[in-house]
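Hi,

Here is the structure I promised to send over. Have a look at it first, and then read on for what turned up when I went through it.

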Amino acid sequence: MFENCLATFKLQLKISMKNKIVFLYSLIIPVVLMFVNQRSDYKNMNIVYSFWAYIVVTTILNGFMMNVISLRENGFLKTLSYMIGSKESIVISLFLEQLLLIEIQILLFNVILSLFIKPLAPIVFLYGFLVTGLATLLGTSMLSVLFLLKIKLQTFNTITSIFFLVGIVLLNINPSGIWGYISTAINPFQLVTEIYLIPYSLSALAWGSLGLSFGYLIMGFFILKNISIKSQLSRV
Amino acid sequence: MKIENFSYSYQYKNIFSGANFYIADNEMNFILGENGVGKSTLLDCIANVDGSRTKEFIGFPKPQRIGYLSQGNNFENDLTVADILGFMKQVHDVREFKLPSVIQKFYQTRFGSLSGGERRILLVFINTILDKGLYIFDEPEAGIDGKHAVEMFSWLRGLSDIGKTLIVTTHQLDNIRDTDNVNYICNEENILVGDFVKVKNKLNF
C-alpha cells in the first residue's frame with residue numbers, strides 16, 4: 001500500500017504542478033489582501049490565522065475536492081482504484097499531496113509577511129506548520145459533506161468560486177456571541193481559524209470548536225471511506 | 001467462478017432476473033449480448049464497484065486482485081504517456097514489460113492529445129501489465145482499428161497463456177476462438193453458456 005500511495009502522491013504532485021492556477025486563489029489573494037491591510041494590527045495574530053485559514057480552506061476546495069470530483073467524473077478514479085488495488089491509497093495520497101501544498105503556501109505567506117510587514121518569530125512558523133496538519137484534516141472532513149451532492153464539475157466550480165468570495169468577505173469579520181457559535185459550526189473559514197486560536201483561549205467557543213471538530217472528523221472519515229468511485233452523472 | 005440466480009434492477013427496470021453465469025478459470029471468457037442488456041452492469045458487480053457484489057457471486061477474487069478496464073476509463077489529460085508509464089513502474093503488482101511499438105510512437109505525447117483509439121490502446125496495455133488474479137475488459141477494442149485490435153487481443157491472449165482468468169465483453173466476434181468460454185445474454189433471465197462454437201450454433205450466428 002505504501003508503494004502505491006507514494007507513486008500516486010508523486011503523480012498527483014506532477015498534475016498539480018502543471019496546474020499552477022490553484023495558487024492564484026489560495027496564496028496570491030491572501031498576500032495581496034495582506035498588503036492592502038498593512039495598517040491592520042498584526043500584533044494580534046487573529047488576522048494572520050484568518051489568512052492561514054483562507055489558504056487551508058481554498059486549497060482543500062480547489063485542490064483535494066476538485067481533484068477527487070474531476071478524477072471521478074472523467075473515469076480516472078475508477079481506473080486508478082483498480083490499477084493500484086484500493087481507493088483508500090488514492091484518497092490518502094491526494095490528502096497528503098494537498099497538505100504538502102498547503103504547508104508550502106503557508107510557509108511562503110509567512111516569509112512574505114516577515115520580510116515586508118511584520119517579522120514573525122520562528123515559533124510562529126513552527127506553530128503554523130504543526131497546527132496546519134490538524135486544520136487541514138479538519139477542513140477536509142467538514143467539506144467532505146460536498147461529496148454527498150451529485151453535482152457536475154462545473155457546478156462544483158461555481159460553489160468553489162462562491163466560497164472564495166465569501167472567504168474574502170469573512171477574512172476581516174469575527175462574529176461574537178451566538179453568531180460566533182453559528183459561524184464556527186457552518187463556516188469552514190471560521191472553524192479553521194478557531195482551531196489556530198485554541199491555545200490562546202479555552203473559552204466556551206474553543207471547547208465548542210473542539211467538540212464540533214471531533215464530530216466533523218468522524219463524519220469525514222465515513223464519507224471518505226465510502227466515497228463512490230463511479231461517476232455520479234455519466235456511465236464510465 | 002460462477003454467478004447463480006442473480007437478479008438486479010436499476011431505476012425500476014429489471015436488468016437480470018435469476019440469471020446464471022459461468023466463468024472458466026485461467027482462460028479467456030467472453031460476455032456477449034446486444035447493447036443495453038447489462039454487460040457493463042454485470043462487470044461492475046463482478047469487480048465489486050462501490051460494494052455492488054452480492055453473495056450470488058461465487059469464487060471471484062477480492063477487488064484488490066482484479067484489474068478492471070471499463071468503457072469510460074481515462075487518465076489526466078496533462079500527463080504524457082511517459083509520465084503514465086513511469087507511474088506504472090512505481091506501482092506494486094506490475095509485471096516486467098516491454099513497450100509495444102504502437103505505444104512507443106506516442107510515448108512523449110500528452111494523454112489529452114491522443115486519439116480515442118490511442119488512449120484505448122494505452123489503457124488496455126497498462127491493464128495487461130498488472131499482476132492480478134482476474135482481468136476484466138469492457139469492450140477493449142472500442143475505437144481501435146482492426147489491425148491494432150488484433151495486436152491488442154494478442155496481449156490479452158498472452159495473459160490467459162500464463163494462466164490468468166479474463167472476462168471480456170466485445171462486439172467483434174472475429175477475436176473469439178471456438179474454444180473460448182462464452183456467456184451470451186439473451187434477455188434478463190436467459191443466458192447461453194458454453195464454448196463459442198456451441199453458442200454460435202444455438203444462435204445461428
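How much area do chain B and chain A bury between them? The answer is about 2500 Å², with 56% of it on carbon and sulfur atoms. Please keep in mind as you read that this is a predicted model.

**Where the chains meet**

On chain B, the residues that lose the most area to chain A are Glu76(B), Phe87(B) and Gln90(B), which together make up 22% of what that side buries. Counting residues, chain B brings 31 to the contact and chain A brings 26.

There are also polar links across the interface. Eleven residue pairs are in polar contact between chain B and chain A, with both partners at pLDDT 80 or more. Which parts of chain B give two or more residues to the side that touches chain A? They are α1 (39-46), β5 (66-69), α2 (81-90) and α4 (116-128) of chain B. Of the residues on that side, α2(B) supplies the largest share, with four. Sorted by class, the side of chain B facing chain A holds 13 nonpolar, twelve polar and six charged residues.

As for salt bridges, the count between the two chains is three. One to look up in the viewer joins the side chains of Lys230(A) and Asp44(B), at 3.4 Å from N to O.

**A buried threonine at the contact**

Thr79(A) is a good residue to click on. It sits in helix α4 of chain A, which covers residues 76-84. Is Thr79(A) buried or exposed? Its relative accessible area is 1%, under the 20% cut-off, so Thr79(A) counts as buried. Setting aside neighbours within four places in sequence, Thr79(A) touches Asn73(B), Asn74(B), Phe75(B) and Leu123(B).

**Leu69(B) and its partners**

Leu123(B) turns up again around Leu69(B), a residue of strand β5 in chain B. Leu69(B) is buried, at 0% relative accessibility. Again leaving out neighbours within four places in sequence, its contacts are Arg120(B), Leu123(B), Val124(B), Asn127(B), Ile136(B), Phe137(B) and Asp138(B). With Phe137(B), the C-alpha atoms are 4.9 Å apart in space, although 68 residues separate the two in sequence.

**Aromatic pairs**

Over all chains, the structure holds 20 aromatic pairs. Here are two of them, one from each chain.

In chain A, the ring centres of Tyr49(A) and Trp52(A) are 5.2 Å apart and the planes are at 50°, so this pair is tilted. Both residues belong to helix α3 of chain A (residues 46-73), where they are three residues apart, about one turn of the helix. Tyr49(A) and Trp52(A) are both buried.

In chain B, why does the pair of Phe16(B) and Phe21(B) count as edge-to-face? The planes stand at 85°, over the 60 degrees needed, so the pair falls in that class; the ring centres are 5.6 Å apart. Both partners are buried, Phe16(B) with a relative accessible area of 1% and Phe21(B) with 4%. The two also belong to a cluster linked by ring pairs, which takes in Phe6(B), Tyr8(B), Phe16(B), Phe21(B), Phe57(B) and Phe60(B).

Happy browsing, and best wishes!

Notes:
Residues numbered from 1 in each chain as written. Chains lettered and ligands numbered in written order. Predicted model: local features only at pLDDT ≥ 70, side-chain atom pairs only at ≥ 80, totals over all residues. Heavy atoms only, no water. Contact = heavy atoms within 4.5 Å. Buried area = accessible area lost by both parts, 1.4 Å probe. Salt bridge = Lys/Arg side-chain N within 4 Å of Asp/Glu carboxyl O. Polar contact = N/O pair within 3.5 Å; in protein donor to acceptor, adjacent residues only side chain to side chain. Nonpolar A, V, L, I, M, F, W, Y, C, P; charged D, E, K, R; others polar. Phe/Tyr/Trp six-rings, centres within 6.5 Å; stacked < 30°, edge-to-face > 60°. Buried < 20%, exposed > 50% of the residue type's maximum accessible area, 1.4 Å probe, protein only.
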